[in-house]
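I opened the model to look at how its chains meet. My notes follow in the order in which I checked things.

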Amino acid sequence: PLLPLQLSFSLPELTLSLAFALTGQSPRAEHPHLHLIRHLPLPLPIYLFPSLQLFTHSSLSSPQEIALCPNNHEVHIYKKDGTKWTKIHELKEHNGQVTGIDWAPDSNRIVTCGADRNAYVWTLKEGTWKPTLVILRINRAARCVKWSPRENKFAVGSGSRLISICYFEQENDWWVCKHIKKPIRSTILSLDWHPNNVLLAAGSCDFKCRVFSAYIKEVEEKPGPTPWGSKMPFGEMLFESGGSGAAGPASAGGGGWVHSVCFSHSGNRLAWTSHDSTVSVAEGGKTGTVNSLSSETLPLLCVTFITENSLVAAGHDCYPVLFVYDGAKASLTFGGKLDVPKQTAQKGISARERFQNLDRRASETQSTEKDLNTLHKNSISEISVLEGGRNQCTKFCTTGMDGGMGIWDVKTLESEMKNLKIV
Amino acid sequence: MVINTQSCDGLMLGLCDIFGACSRYCDTGGGLLLCCWFLNPPCTGNLMEALQAVLKNPPINTKNQNVKDRAEGLVLKVLSAFKSSDIEKGVQSLDKNGVDLLMKYIYKGFERPSENSSAVLLQWHEKALAAGGVGSIVRVLTARKTV
């Protein structure tokens, strides 16, 4: 059967036809020649983009715009018109695959980093985005990039086993960078800034999640003490996971690549997901105990706080999952699966269809358990809060390797799923 | 080393021949505590204890391959002694870490199949998977220190 994405490549305005409105109740027909265009009833809107790889959005501003990388050297910017997305800009400067995009909403700048070991800061001048090169002084591909909360610096993680903290030097009119190297032993996969603009969490392929200080005296005053520590010279490591915190013989010395890290809204809690199918939370000041949950799912690739106590994570299982952290008991528990597949009405199968299925799938039934009945058809790689911030999120967005972007409404989820409590 | 002197229906308890050798290979960090039974027509009450005991203190930290092999052999013996109908109860008596550890041994056992070890291990695998989910298998794959 034709994959929906194949359809998208043949039509230029494709995203228009594949965007769906929120609808209700009709069950999704499981016809082998399903064309998503004709069948509406996904419970939540999913927008499909051609081979979307990376995504970031300019939040809070309207009209809503997103920047994404269609798995190549370029960055495309789409704008929302009603329910349609139209491409308005193409940012072409990188010589290698773009691996990270971040959009600073207040100063309206985009930073991109790529496998060509460069980063560019894009500013909108006279209706077009103009790039400024930032020399990162790395000799391996850049992997992820994040603006700091006050947007006066950004951090780039790379395969060079270091983090580049870049800030703008007024006198030379030039972006300058400083490196955090010790004790990172492998590629940095993910970064997240603490709300105080100084602390930075980094997840790495050396199985550890760390908190560093990225204090740059040229652009900011000394930060006040936080639960993570009070002395914060540049490059100081204030926390490292996987030390004495591992619990139990099964996880001792284990762990996997840390795919994603996220500070809570207050910055006092840090969550990360790891390739050994665990999700962990550490609290500043109580860093002796790290609370991990070994999940029963495939590894989770992205995580975000939606309230101070609740996390939503998603990954190779293609659906978002809720976790609840109880600070008093210092425990992390599974809160529920967040994708509600509408039950398909099992219609009578005609003899012809039976034979067709037998021929095609070697089984007589329409859908086997292996069919994904989740919204995303492939791993979810990024999750971000759209509205409400990380303490009272009302909407979040997931993007996946199927090229789809799904927008999830927290209230709708709470009402649709019994026993789901977001605390 | 704990020597349990109970006996039950032909279940003989005794020192395993390797115990003597094991005490020499004990890792200072981990230690190997083995409760050894000679397993005869099974008495299931003790089998549950056998399972718990054999999964305690696994030789994860040692680099001595001999110790690891002996431990694996023992685990396999215990697993094979279970009746098919009791496997599920056995798995349920384990906590999360226990299930992960069991999965590790199961896959270790798959690596070197003997006569009917795979059949037995597959039954255990099915029950352990139901309890631990694919996450437990992922943890077998990503674990840096193996049993």
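Entry 1, charge pairs. I am working from a predicted model. I looked for salt bridges between chain B and chain A and the count is zero.

Entry 2, polar contacts. I then counted residue pairs in polar contact between chain B and chain A. There are four, with both residues at pLDDT 80 or more.

Entry 3, elements. Which elements give two or more residues to the side of chain B that touches chain A? I found α5 (96-111) and α6 (117-142) of chain B. The largest share comes from α6(B), with eight residues.

Entry 4, residue classes. I sorted the side of chain B that touches chain A by class. I got six charged, five polar and five nonpolar residues. Charged residues are there, yet the salt bridge count between the two chains is zero.

Entry 5, extent. How many residues of each chain are in contact? I noted 16 from chain B and 20 from chain A. Together the two chains bury about 1300 Å². Of that area, 58% is on carbon and sulfur atoms.

Entry 6, one residue in α5. I picked B:Asp100, which sits in helix α5 of chain B. Is B:Asp100 buried or exposed? Its relative accessible area is 6%, so I call B:Asp100 buried, the cut-off being under 20%.

Entry 7, its partner. I checked what the side chain of B:Asp100 touches. It makes a polar contact with the side chain of B:Arg139, at 2.9 Å. Both residues of this pair belong to chain B.

Note on methods: Residues are numbered from 1 along each chain as its sequence is written. Chains are lettered from A and ligands numbered from 1 in the order in which they are written. This is a predicted model: local features need pLDDT of at least 70, side-chain atom pairs count only at pLDDT 80 or more; totals for chains, interfaces and linings use all residues. Side-chain values use heavy atoms; hydrogens and water are left out. Contact means heavy atoms within 4.5 Å. Buried area is the accessible area (1.4 Å probe) that two parts lose on being put together, summed over both. A salt bridge is a side-chain nitrogen of Lys or Arg within 4 Å of a carboxyl oxygen of Asp or Glu. A polar contact is a pair of N or O atoms within 3.5 Å; within protein, one must be able to donate a hydrogen and the other to accept it, and residues adjacent in sequence count only if both atoms are side-chain atoms. Helices (H or I, at least four residues) and strands (E, at least two) are DSSP runs, numbered from the N terminus. Ala, Val, Leu, Ile, Met, Phe, Trp, Tyr, Cys and Pro count as nonpolar, Asp, Glu, Lys and Arg as charged, and the others, Gly among them, as polar. Buried means under 20% relative accessible area, exposed over 50%, partly exposed in between (1.4 Å probe, protein chains only).
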